[in-house]
Amino acid sequence: HTRCSRDWSSDVCSSDLPARRPTLSITKKASAATLTRGQDASFELVVGNSGDAATDTSAVTVTDQMPDGLRPTAAGGTGWNCSIADPVVSCVRMDALDAGATYPPILLSAAVTATAGSSITNTATVLGGGDATPHTSAISIVVIAAPAITAVFRQPEDFIRGAIEAVVSLEIANQGGTASGTIEVLSDMPEGLSLVRAEAPGWACSSTAARAECSRQGALAANQQLEAIALTVAV
């Protein structure tokens with residue numbers, strides 16, 4: 001694929017083959033499918049070279065500008081020099097990357113603010129290493145409210161001194177986002193009351209005279225209330 005022409009003074013040759021060059025790529029992943037307001041989030045950025053030549057030793061720069069609702073707290077990765085100027089995370093390295101290879105991942109940590117919207121879109125960009133074209137990776141993540149478990153005591157009637165089976169109802173509800181896993185309730189008896197038993201459908205309860213301990217597994221949706229725990233006490 002090399003063409004040569006000749007005139008009286010010289011041979012002139014040119015190639016019609018395209019030049020070999022690097023082509024950077026970037027992929028961003030979140031550690032969870034949903035984020036929760038008030039909690040931490042983590043992300044992974046992977047830079048690769050999908051071109052047909054290694055990058056040169058000019059700087060390869062990754063920039064991640066966190067959107068409203070995410071506040072960057074930490075960034076780093078083997079061989080990367082990272083810095084944070086909220087809301088921007090920047091990571092730089094200068095070593096060459098072979099064609100078809102990837103750099104070690106960049107790990108990012110961020111706090112999800114209490115005012116984060118219901119969906120967040122985050123875009124990361126990579127540039128350099130002999131590739132003059134910016135390349136981006138964007139992800140959209142659903143944001144949910146954190147669980148807000150409440151406990152309310154209900155005393156149906158006044159206690160009478162000396163009563164051996166007075167009942168207090170303990171109501172557990174979720175006023176925030178969906179909760180999952182184990183819910184544990186610990187209730188210490190005040191002076192003047194001695195616990196006889198603690199029981200409720202769906203709960204596993206144990207008790208001493210001074211404390212009730214109940215737990216249950218499973219999800220608790222927003223604005224849902226569990227079966228009340230009945231605390232029987234001696235006054």
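Strand E18 shows an alternating pattern of side chains in this predicted model. Ala212, Cys214 and Arg216 point to one face and are buried. Arg211, Glu213, Ser215 and Gln217 point to the other face and are not buried. The strand covers residues 211-217.

E18 belongs to an open sheet of 3 strands. The order is E15-E18-E17, and the pairing is antiparallel. The edge strands are E15 (182-188) and E17 (204-207), each of which pairs on one side only. From one strand to the next, the twist averages 10°.

Take the E15 side of the sheet. E15 and E18 pair in the antiparallel sense over 7 bridges. Two positions help to fix the register. Val185 stands opposite Cys214 in E18, and Glu184 has Ser215 as its bridge partner. Cys214 is one of the buried residues of E18, whereas Ser215 points to the other face and is not buried.

Now turn to the E17 side. Here 4 bridges join E17 to E18, again in antiparallel fashion. Ser207 stands opposite Ala212 in E18. The two strands form a hairpin, with 3 residues between them.

Past E18 comes a loop that leads to strand E19 (224-225), and Asn223 sits in that loop. Asn223 has a positive phi of about 60°, although it is not a glycine. Is Asn223 buried or exposed? Its relative accessibility is 70%, so Asn223 counts as exposed.

Step back to the whole chain. The protein chain has 0 helices and 20 strands. Its radius of gyration is 31 Å, well over the 18 Å that the globule rule gives for 235 residues, so the chain is more spread out than a compact globule. The C-alpha trace spans about 125 × 30 × 25 Å along its principal axes. Buried residues make up 32% of the 235 residues. The accessible surface comes to about 13,300 Å², and 51% of that belongs to carbon and sulfur atoms.

Contacts across the sequence come next. Consider the contacts between residues at least 6 apart in sequence: 68% of them join residues at least 24 apart. Gly129 gives a local view of such contacts. Gly129 lies in the loop between strand E11 (119-128) and strand E12 (131-144). At 0% relative accessibility, Gly129 counts as buried. Leaving out residues up to four places away in sequence, Gly129 touches Pro22, Thr55, Asp56, Ser58, Ala59 and Val60. Gly129 and Gly51 are 78 residues apart in sequence, and their C-alpha atoms are 12 Å apart in space.

Thr36 is another buried residue, with a relative accessible area of 15%. Thr36 is in strand E4 (residues 34-36). Which residues does Thr36 contact, leaving aside neighbours within four places in sequence? They are Val112, Ile144, Ala145 and Ala146.

One peptide bond deserves a look. A cis peptide bond joins Asp86 and Pro87, with omega at about 10°. Pro87 lies in the loop between strand E8 (81-85) and strand E9 (88-93).

Charged pairs come last. Side chains of opposite charge can pair when their charged atoms come close. A search of the whole structure finds 8 salt bridges. One of them links Asp64 with Lys28, where the closest N and O atoms are 2.4 Å apart. Asp64 lies in strand E6 (residues 60-65) and Lys28 in strand E3 (residues 24-30), so this pair ties together parts that are 36 residues apart in sequence. Both Asp64 and Lys28 are buried.

Asp95 and Arg93 also meet in a salt bridge, at 2.7 Å from N to O. How does each partner sit? Asp95 counts as partly exposed, at 34% relative accessibility. Arg93 counts as buried, at 7%.

A further salt bridge joins Arg197 and Glu199, whose closest N and O atoms are 3.4 Å apart. Arg197 is partly exposed, with a relative accessible area of 31%. Glu199 counts as partly exposed too, at 42% relative accessibility. This pair is part of a network of salt bridges that links Glu165, Arg197 and Glu199.

Methods. Residues numbered from 1 in each chain as written. Predicted model: local features only at pLDDT ≥ 70, side-chain atom pairs only at ≥ 80, totals over all residues. Heavy atoms only, no water. Pairing = 2+ DSSP bridges. Axes fitted to C-alpha atoms, helices over the stretch in contact; angles between N-to-C directions. Buried < 20%, exposed > 50% of the residue type's maximum accessible area, 1.4 Å probe, protein only. Rg over C-alpha atoms; globule rule 2.2 N^0.38 Å. Contact = heavy atoms within 4.5 Å. Areas by Shrake-Rupley, 256 points an atom, 1.4 Å probe, with all protein chains shown as cover. Salt bridge = Lys/Arg side-chain N within 4 Å of Asp/Glu carboxyl O.
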